[in-house]
Amino acid sequence: VQHLAASPCRRGPSVVTIRVGSTQEPATIPVGAPARRTSKVDTIRHADGFDDVSLAPGTRTVEPADVDTSVELAGLRLDIPVLAASMDAVVDVRSAGVLAGLGGLAVMNLEGVQMRYEDPAPVLERIATAAPDEAQAVLSEAYEPAISEAVVAARIRELHAAGSPAAISATPAAARRWGPFCAEQGADVFLVQSQVSSAQHLASGYEPLELGEFTQLMGIPVAAGNTTSYEAALALMGQGIAAIFVGVGPGAACTTREVLGIGVPQVTAISDVAAARDEHYERSGEYVPVIGDGGMRRGGEMAKAIAAGADAVMIGSPLARAEEAPGHGTNWGMAAPSPTLPRGTRINVGTLGSMERILFGPSRVADGSENLVGALRQSMAALGARDIREMQQVEMVYAPAVAVEGKSWQQRG
């Protein structure tokens, strides 16, 4: 680009004449005109994760014993706002019963090994003990057998016998076939869960699941997820769902963000969907609980998720570390077994102790990864929040330095 001259113009602004290359005619651009068209990056949206924000104390505090962590969800009352992720290394009949006894809710994966094998224990053992370079092949092989009606019916009965509600999850493709069957067998809640959920799914090769019709057909509460968008959440809530799950790719065992390049940091995603929940409530009078799904390892992150607007949280890897978890100290994403495009990996999380210790302590570590509910309760008390709804109203500040400020001695080890 060669600058030639700037000259005044009798009418209008001054102009700048430029020549591009050596053979093209000069071009005249009015001074003050936009230098170029606005690009997508010029208007890129800022989004925050758990490490970017902190919770600001207010003008009052509450005695921790007086804090109420209970929540109503899909017709169920939970004493703690904790759901176990529908991952095969996290949820089986035993762990679901233990979590129910502690006040939470486990969700069992309809398309997992629990519904394909009468006795999934040997399969889970093979997955957990496979060499790293063989794990993906073992995972793919483990999920080849078909889902069994007899096993699904048996698992629902076993969940009830263990003292747990039967909360079952499935992808939209499987939900059409298996949702009504699960309802007939006594399931209490059905979660239609996919990588990204929307009220309008376009497909040319098959008829997509019509969520509004499905929720009416089922006769039991139907939850849906996952999403990160205000607009998508508002549309999904209009389909009659009982709860909505938030999170695309934040889980420790999920590689969706790396493989597909999609996702929104959880604080922004939860806050956007919570705003849609409040808008939907004002329009319809129907309150649809928001569940922050994934990306939380410590009590502080759970507290931030609820402060961002979540009514409850769904966690996987923290509970995969429990003695009762079926994954033997490992965990893997729900899309990990895909034979063509795995979007999860097997990770070693280790075994810390009982689920009760992980959720209620006493903690043996100082990093917040044990006594998760105790940490949440303490955070709520320090912020003056007597219940979940008040916790959603506490002040949140942008503070990316808060985790390292003054922590140089800790960083030295």
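Let's start inside a helix of this predicted model: Phe181 has 12% relative accessibility, so this residue counts as buried. Its partner in what follows, Trp178, counts as buried too, because its relative accessibility is 8%.

## Rings that meet

Trp178 and Phe181 form an aromatic pair of the edge-to-face kind, with 5.7 Å from centre to centre and 85 degrees between the planes. Where do these two residues sit relative to each other in helix H5? They are three residues apart there, so about one helical turn separates them. As a general point, an α-helix has 3.6 residues a turn, so residues three or four places apart point the same way.

Tyr281 and Tyr287 give us another pair: their ring centres are 6.0 Å apart and their planes lie at 80 degrees, so this pair is edge-to-face as well. Are Tyr281 and Tyr287 buried or partly exposed? Tyr281 counts as partly exposed because its relative accessibility is 43%, and Tyr287 counts as partly exposed at 26%. The count of aromatic pairs in the structure comes to three. Here are the two pairs described above.

| Aromatic pair | Centre to centre | Angle between planes | Kind |
|---|---|---|---|
| Trp178 and Phe181 | 5.7 Å | 85 degrees | edge-to-face |
| Tyr281 and Tyr287 | 6.0 Å | 80 degrees | edge-to-face |

## The nonpolar cores

Now let's turn to the cores. The largest nonpolar core holds 102 residues, and the members that touch the most others are Ile168, Phe190 and Leu359. Which helix gives this core its largest share? That is helix H5, residues 172–184, with six residues. Phe190 is a good residue to click on: leaving out residues up to four places away in sequence, its contacts include Ile168, Ala175, Trp178, Cys182, Phe214 and Met218. Trp178, then, belongs to an aromatic pair and also touches Phe190.

A second core, separate from the largest one, has 12 residues, among them Tyr117, Leu124, Ile127 and Ala130.

Helix H3, residues 135–142, has buried residues of its own: Ala135, Val138, Leu139, Ser140 and Ala142. Helix H2 (121–129) is part of what covers them.

## Empty space inside

Next come the gaps. Rolling a probe the size of a water molecule over the atoms shows where empty space is left. Searching the whole structure turns up two cavities of 30 Å³ or more. The largest cavity has a volume of about 90 Å³. Its lining has 13 residues, and those closest to its centre are Leu83, Leu105, Val189, Ala223 and Phe245. What classes of residue make up this lining? There are 13 nonpolar residues, no polar and no charged. Strands S8 (105–109), S9 (167–170), S10 (189–193) and S12 (243–246) each supply at least two lining residues, and the largest share, three residues, comes from S10.

## A pocket with a mixed lining

The second largest pocket has a volume of about 730 Å³. Among its 23 lining residues, Arg298, Gly300, Glu301, Lys304 and Asp367 are the closest to its centre. By class, this lining has 10 nonpolar, seven polar and six charged residues. Strand S4 (53–56), helix H10 (299–307) and helix H13 (372–382) each supply at least two of the lining residues. Which element gives the largest share of this lining? Helix H10 does, with five residues.

Conventions: Residues are numbered from 1 along each chain as its sequence is written. This is a predicted model: local features need pLDDT of at least 70, side-chain atom pairs count only at pLDDT 80 or more; totals for chains, interfaces and linings use all residues. Side-chain values use heavy atoms; hydrogens and water are left out. On a 1 Å grid over the protein atoms alone, a cavity is a set of points where a 1.4 Å probe fits but cannot get out, and a pocket is an open set with protein on both sides within 12 Å along at least five of seven lines; lining residues have an atom within 4 Å of a point. Grid points are joined across faces, edges and corners, and a volume is the space filled by probe spheres set on the points. Helices (H or I, at least four residues) and strands (E, at least two) are DSSP runs, numbered from the N terminus. Ala, Val, Leu, Ile, Met, Phe, Trp, Tyr, Cys and Pro count as nonpolar, Asp, Glu, Lys and Arg as charged, and the others, Gly among them, as polar. A nonpolar core is a set of buried Ala, Val, Leu, Ile, Met, Phe, Trp, Tyr and Cys residues joined through side-chain atoms within 4.5 Å. Buried means under 20% relative accessible area, exposed over 50%, partly exposed in between (1.4 Å probe, protein chains only). Contact means heavy atoms within 4.5 Å. Rings of Phe, Tyr and Trp (its six-membered ring) pair if their centres lie within 6.5 Å; planes under 30 degrees apart count as stacked, over 60 as edge-to-face and the rest as tilted.
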